[in-house]
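Biologist: Please take a close look at one part for me: the contacts between chains. I would like one connected account, with residues I can find on screen.

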Amino acid sequence: MKGNIVNEKTVKLKIKRQDKPNSKIYWQEFKIPYKERLNVIACLQDIQRNPTTQLGESVNPVTWDCNCLEETCGSCTMLINGKVRQACTALIDSLEQPVILEPMSKFPVVRDLQVDRSRMFENLKKVKAWVEIDGTHDIGEGPIMSDKVRSQRYALSECMSCGCCLEACPQFSLTNNFLGAATFSQVRLFNLHPSGSMLKEERLDAVMGEGGITDCGNAQVCVEVCPKSIPLTESIADIGRQTTLQTLKNIFMK
Amino acid sequence: MAKRKKKIIVIGGGLTGLSLAMKICERNAEVVIVSYQSLKRSHSVCAQGGINAAIDARNEGDSPENHFYDTIKGGDFLAHQPLVRDMCYQAPAIIHLLDRIGVAFNRTGEGHLEFRRFGGTLYSRTAFAGATTGQQLVYALDEQVRRFQHDGSVETLEWHEYLGAVLDSQGICRGAVLQDLRTNTVFTLAGDAVVLATGGPGQVYVKSTNSTVNTGAAATMAYLQGAKYGNGEFIQIHPTAIPGPDKLRLMSESARGEGGRLWVPRKAGDARPPKSIPDRERNYFLEEKFPLFGNLVPRDVASREIHDIVYNQHLGIAGEPMVYLDLTHKSREFLEDRLGGIIDIYKKFTGDDPKDVPMKILPAVHYSMGGLWTDYESDGNGMIEHGSPRNQATSIPGLYAGGEADYQYHGANRLGANSLLSCIYTGLMMCRGIFTYIDNQDKSVDDISSTIFGDAKNHWESRLKEIKAMKGKENPYQLHIELGDIMMSNVLIVRENKKLEKTITAIDDIKTRFKDLNCVDTSDWANPTPSFINQLYCMIELSRVIAKGAIMRDEFRGAHYKPEFDLKQPSKFDPNEYIDYLEKKNDGEVPENAFPKGHLDYMKRFEANNKNWLKSTIAEYKNDKPEISYEPVDTSIVTPRPRKYD
Amino acid sequence: MDKKTTDQIHYLILKTHSLTGVIPVGAFLVLHFSINSLRTVGVWPYQISIDIINNLPFLIWIEAGFIIAPLMFHSLVGFYIYFSGRSNPFRYNYPHNWMYTLQRLSGAVVFAFLIYHLATTVVPKLWYGNTQFEAAPYLIYVMNQEFKSWDGRIIYAIGIVAATFHFSSGLWGFCISWGILIGRRAQTNAGYIFALFGLVLTVMGLSTVVEFSLHPVGVEATEPG
């Protein structure tokens, strides 16, 4: 029998598991058949179809979040070989094996590789990341805007709240209330919009406090790990400028 | 009706759900949005190319009327015309609203909205935000909903799954049964109306351009509870996607809208690198066959041509079932700006840069024109009566549907960049009608006995318990793959009755095997498996609807191509001849020599076929089977005629 | 206190931390190194400048108010910052992430060094009343002793390098957090300039150490009065 299995290429995965929030953590290893263009999601799907560990033990399939599988929805963020990224674009051919999968560490774990990122969406509320409009009825065209500003906004607007920037940020932790790069970048996005900028001062107020822009440590890891290459450090610096000017205005012009 | 605020339950947080929720809040009612995931992550984010509106910013002479005609023609005249017309007339206002709420639409030198071309039209009518328009629209609407969330008028139940409608003794929908996907508890939610904005069913095919949540389960659940399902067999196959083991990733039609060209080497099996193949040895098959529309023929046409090139002419790249989508003649800056989003996707998944090498693409399941049957009320002038409670109402009173989950806007084939429009249009439009519906109710949901809700909850609790107790041999995820394989091989671009018959048997076989499932995860926290098994059940039922609709419809219309019933349009045929023909016929006689040879016969065939088949397929769940009937299509505005794109 | 007030205080404290690092603490560092580097030119220029400083009216108030107080504030808040983050440069191995880590470490090193430096210079100077014209000979004496051994040389070298790194990298961070440098290219280019600046400052600082080590000042000049 030994001779038969030599040529079968496999993928080895080592996965950190947790049944419930606060329950104990354990690791399991899986071995699945290799295919071309395999990504981490396809491996996890394979485990669903055959939930057996490398040791032959039948286990519950691993749970994880995913949806679009083309890096647009932001769901499938996890730690892959120690680094945070989207699982859909993590191609097996470019990963060292065993591929080690862990849930993000800066958000509460729900189960296995699933985490609860609601904090990110709460932060968007805090900074009023929206344009105030009079109503959805037809009141004509939107504001005129140069394509240059548009392209600046577009780059920021591609943020899919995946949480990579926060996971990698040394200042962001499970327990503190740091808003993080994604949120600062949204403040910039809406302050750049002609009618969105009407809430500029309120947004800046929201980032001038505990957990706000001054808590950024300038490690710039956020921009390195952002899957959408959003210029997060520029956003942070720009919000730095806006808050500085706001402070001067508060002190000397009011 | 009690003095309290109206309460509407919206299932789904995509474009339709969000735009409806926004509208409801604005009208000072309460809304609960139920979403399978966090709101920003719905499948609408995958839409890439843009959204149509005939603003005629380039002074090409475009108009909503043209938009309407293109859409109807694109859908092979199977869509109800007043609805489509109303949508096309509303489109400019919708774009302006989206612009006002901050969507980063590309702009002209003067700072106005920029438009690009898309399939099935000769006008530049598609507003776009790079190549991630859907994502940008979802975010902007999500932000508006968040704004209302901040004010407290929206409740969001994220990580919740819709299991079914709560129906009272008269069959009126009084609320929804939901499952919390974290605690796995089942509960009911009472509401004055329930709206299914739950998207399409691409997962029935497993491999499609759809997201993993697109199982179509919610709509199927409504069908199983008695709602009518319309035009199920019309599944759009997008011509350009990249293959992958987990998904076929969409390469937007905007790639062709911005000048991308489809080609294959003229010589079969030519294995040379694409850039080294000279122009004269390339077969730009769409441009050659359709000189007028070129690469921008509608999707059904393009997919059929690719299928023909690859499977009948055996000209696929190096013998594989793929063709080139070539953008390399465009400047890098232009591509980065206009198509950056999809170029990135292609690069990340294949390693090749489409700016340097032509992309290798294949057609993939993309969109369901069909969906829950919904009603509408025309105002008699070719538009929609906006306050009518009939608009977007399913056949279950109190249950509404919109977006990809309904069936009525795209006929037999959807035009590119019309889906974002129909999603947002239905979301915005149906609000007033739902309010009228609630106002017209004699009995409010508050007067409904709690046992109705208790029973619904118990039903679903025991159903999930049953599922959890399944200890058979079949793995549910594996069975899903097999269902997908069956659908993929027989209910795709080319459909043959013999194969479809086999498909129906094969699906029945899957249905039998379903009983022998093993619920591979029985834990009681955040357990997705029982949920998935229930969805799989729905997908099996829906695949029966699709397959049965397909086998019964003996014609070739839009995305539903049965070669056997191809009417074989003469090559020099002009669709206006058909109008001529109808007029002449109306006057009493049609001289045999009034048209070029063969044309009259063709037109007679066409007329007869329309008489038989220009109707909506309606599936109803009866005796554990889909029962098919047909309904007339409203063609009161433009006369159906043969489609032609060359 | 309500949240708004605590938020405002938090913001102002951190902003002030950032500002005090540049002015006056950073500015003093430059001044201090510049004056000390006069030692490489000769003993007398060095001594005269110490004389000038030590004969300034209200010197003790100037030192307390413009140097010690801001320095203490900068250090205390610095430690708060130090403990508010958790470095991860091994996991996320990027240059700026290393800078982040080193910025925090160097801050701690400088703090420790300053305790030593002050405890061996200013404190005994005041304790023994070696002020005004007495100051220079006393301080030169202390330095001579310090740089006799490799222990002292190494301690000072580490202190100087940590301080110049902390200051020049901090200056770069200051320019970003205050919004002076926004664009990525601006940040990179300025980064090189600040690196050069830091290098010059390091050379300046170390030159004094080298000079003292190679050429201790003659006994007659250093004999305390």
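**Chain A and its contacts**

Modeller: Start with chains A and B. Here 75 residues of chain A are in contact with 71 residues of chain B. Keep in mind that this is a predicted model. Two pairs of chains touch, and the pair A and B has the most contacts. Together, chain A and chain B bury about 6200 Å². Of that area, 50% is on carbon and sulfur atoms.

Now the charged pairs. Side chains of opposite charge can pair when their charged atoms come close. Seven salt bridges cross the interface of chain A and chain B. One to pull up is A:Arg111 with B:Asp521. Their closest N and O atoms are 2.8 Å apart. The same interface has 45 residue pairs in polar contact, counting pairs with both residues at pLDDT 80 or more.

Which elements of chain A give two or more residues to the side that touches chain B? The helices are α1, α2, α3 (147–157) and α5 (181–191). The strands are β6 (109–111) and β7 (114–115). By class, this side of chain A has 31 nonpolar, 23 polar and 21 charged residues.

Zoom in on one helix pair. Helix α2 of chain A covers residues 118–126, and helix α4 of chain B covers residues 133–151. Their axes come within 10 Å and cross at roughly 80°. An angle of 65 to 115 degrees counts as roughly perpendicular, so that is how α2(A) and α4(B) lie to each other. From α2(A), the contact uses A:Phe121, A:Leu124 and A:Lys125. From α4(B), it uses B:Arg146, B:Gln149 and B:His150. The residues of this contact split into two nonpolar, two polar and two charged.

Next, chain C. Chain B and chain C do not touch. Their nearest C-alpha atoms are 18 Å apart. Chain A does meet chain C: 35 residues of chain A are in contact with 30 residues of chain C. This pair buries about 2800 Å² between them. Carbon and sulfur atoms account for 51% of it.

How many salt bridges link chain A and chain C? The count is two. In one of them, C:Lys4 meets A:Asp205, at 3.9 Å from N to O. There are also 17 residue pairs in polar contact between chain A and chain C, with both residues at pLDDT 80 or more.

Four elements of chain A each supply at least two residues of the side that touches chain C. They are β4 (83–86), α4 (164–168), α7 (221–225) and α8 (232–252). Of these, α8(A) gives the most, with nine residues. By class, this side of chain A has twelve nonpolar, 14 polar and nine charged residues.

Last, step back. The whole structure has 72 salt bridges over all chains. One lies inside chain A: A:Lys228 pairs with A:Glu71, with the closest N and O atoms 3.7 Å apart. What does this pair tie together? A:Lys228 sits in the loop between α7 and α8 of chain A. A:Glu71 sits in the loop between α1 (40–49) and β3 (77–80) of chain A. The pair therefore joins parts that are 157 residues apart in sequence.

Conventions: Residues are numbered from 1 along each chain as its sequence is written. Chains are lettered from A and ligands numbered from 1 in the order in which they are written. This is a predicted model: local features need pLDDT of at least 70, side-chain atom pairs count only at pLDDT 80 or more; totals for chains, interfaces and linings use all residues. Side-chain values use heavy atoms; hydrogens and water are left out. Contact means heavy atoms within 4.5 Å. Buried area is the accessible area (1.4 Å probe) that two parts lose on being put together, summed over both. A salt bridge is a side-chain nitrogen of Lys or Arg within 4 Å of a carboxyl oxygen of Asp or Glu. A polar contact is a pair of N or O atoms within 3.5 Å; within protein, one must be able to donate a hydrogen and the other to accept it, and residues adjacent in sequence count only if both atoms are side-chain atoms. Ala, Val, Leu, Ile, Met, Phe, Trp, Tyr, Cys and Pro count as nonpolar, Asp, Glu, Lys and Arg as charged, and the others, Gly among them, as polar. Axes are lines fitted to C-alpha atoms, for helices over the stretch in contact, and angles run from 0 to 180 degrees between N-to-C directions. Angles under 35 degrees count as roughly parallel, over 145 as roughly antiparallel, 65 to 115 as roughly perpendicular and the rest as oblique.
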